[in-house]
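Open the model in your viewer and follow the stops below in order. Each one says what to select and what is there.

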Amino acid sequence: MQELDYTKIGMRIRQARKSKKWSQEELAKRCGISMPFLGHIERGTRKMSLETLVSLCRELDMDADELLWGIPNASDGVLLHMWGQEKAKDADSYDIYSKIMKSVAEIMSKT
């Protein structure tokens with residue numbers, strides 16, 4: 001299994017935060033953590049809890065794979081929009097479509 005690179009995770013968090021034009025203070029407040037702790041996370045010098053990871057993903061509009069590994073994945077919301085219908089209407093077809101699109105996204109991120 002691949003090891004997490006906390007410095008790269010921190011860089012991705014910092015880039016996402018800056019793209020939203022937020023200060024560390026703003027993101028820390030939104031996530032319910034201290035600004036010094038966020039600074040450590042962005043530098044890769046401290047590990048975060050699962051709850052903090054979830055908060056960061058939610059606030060930065062990022063999937064966990066994107067934040068942890070740098071691999072953007074299409075969210076179900078994006079896939080539903082592309083599919084053009086509610087998942088419940090045709091769950092089997094949607095699940096197949098979802099797997100195909102996620103596989104394509106994974107392949108494209110490796111090239």
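## Stop 1: helix 1 against helix 3

Select helix 1 and helix 3: their axes come within 5 Å and cross at roughly 120 degrees. The two helices count as oblique to each other, because the angle falls outside the bands for roughly parallel, roughly antiparallel and roughly perpendicular. Bear in mind throughout that this is a predicted model.

Now show the side chains at the contact. From helix 1, pick Y6, T7, G10, M11, I13, R14 and R17. From helix 3, pick L38, I41, E42 and R43, which they meet. Colour this contact by class and you get 5 nonpolar, 2 polar and 4 charged residues.

## Stop 2: the whole chain

Zoom out and switch to cartoon. The protein has 7 helices and 0 strands. From the N terminus on, the order is α-α-α-α-α-α-α. Of its 111 residues, 28% count as buried. Next, consider contacts between residues at least 6 apart in sequence: 48% of them join residues at least 24 apart.

## Stop 3: helix 4

Select residues 50-60, which make up helix 4. Which residues of helix 4 are buried? They are T52, L53, S55, L56, C57, E59 and L60. What do the buried residues of helix 4 pack against? Show helix 1 (6-19), helix 2 (24-31), helix 3 (35-43) and helix 5 to see the partners.

Pick T52 in this helix. T52 has a relative accessible area of 8%, so it is buried, the cut-off being under 20%. Leaving out residues up to four places away in sequence, T52 touches I33, F37 and I41. I41 also appeared at the first stop, on the helix 3 side of the contact with helix 1.

Move along to L60. With residues up to four places away again left out, L60 touches I13, A16, R17, K20, W22 and L27. Of these, I13 and R17 belong to the helix 1 side of the contact with helix 3.

## Stop 4: helix 2 against helix 4

Keep helix 4 on and add helix 2. Their axes come within 9 Å and cross at roughly 120 degrees. The crossing is right-handed. On the helix 2 side, select L27, R30 and C31. They meet S55, L56, E59 and L60 in helix 4. The residues of this contact divide into 4 nonpolar, 1 polar and 2 charged.

## Stop 5: the nonpolar core

Why look for a core at all? In soluble globular proteins, nonpolar side chains tend to be buried together. Here the largest nonpolar core holds 19 residues. Which members touch the most other members? Select I13, L27, M48, L56, L60 and L67. Helix 1, helix 2, helix 3, helix 4 and helix 5 each give two or more residues to this core. Helix 4 provides the largest share, 4 residues.

L27 and L60 deserve a second look. Both take part in the contact of helix 2 with helix 4, and they touch each other.

## Stop 6: two loop residues with positive phi

Most residues other than glycine have a negative phi, and most peptide bonds are trans. Two residues here are worth selecting with that in mind.

Go to K21, in the loop between helix 1 and helix 2. K21 is not a glycine, and its phi is positive, near 60 degrees. Buried or exposed? K21 is exposed, with a relative accessible area of 75%.

Then go to D61, just after helix 4. D61 sits in the loop between helix 4 and helix 5. Its phi is positive too, about 55 degrees, although D61 is not a glycine. At 61% relative accessibility, D61 counts as exposed.

## Stop 7: two pairs distant in sequence

Select L4, in the segment before helix 1. Its relative accessible area is 32%, so L4 is partly exposed. Measure from L4 to L68: they are 64 residues apart along the chain, and their C-alpha atoms are separated by 7.0 Å. Leaving out residues up to four places away in sequence, L4 touches I9, L68 and W69.

Finish at E66, in helix 5 (residues 64-69). E66 has 26% relative accessibility and counts as partly exposed. Add R12 to the selection. E66 and R12 are 54 residues apart in sequence and 8.4 Å apart in space, C-alpha to C-alpha.

Definitions and conventions: Residues are numbered from 1 along each chain as its sequence is written. This is a predicted model: local features need pLDDT of at least 70, side-chain atom pairs count only at pLDDT 80 or more; totals for chains, interfaces and linings use all residues. Side-chain values use heavy atoms; hydrogens and water are left out. Buried means under 20% relative accessible area, exposed over 50%, partly exposed in between (1.4 Å probe, protein chains only). Contact means heavy atoms within 4.5 Å. Axes are lines fitted to C-alpha atoms, for helices over the stretch in contact, and angles run from 0 to 180 degrees between N-to-C directions. Angles under 35 degrees count as roughly parallel, over 145 as roughly antiparallel, 65 to 115 as roughly perpendicular and the rest as oblique. Ala, Val, Leu, Ile, Met, Phe, Trp, Tyr, Cys and Pro count as nonpolar, Asp, Glu, Lys and Arg as charged, and the others, Gly among them, as polar. A nonpolar core is a set of buried Ala, Val, Leu, Ile, Met, Phe, Trp, Tyr and Cys residues joined through side-chain atoms within 4.5 Å. A crossing is left-handed if the near helix is turned anticlockwise from the far one by less than a right angle, and right-handed if clockwise.
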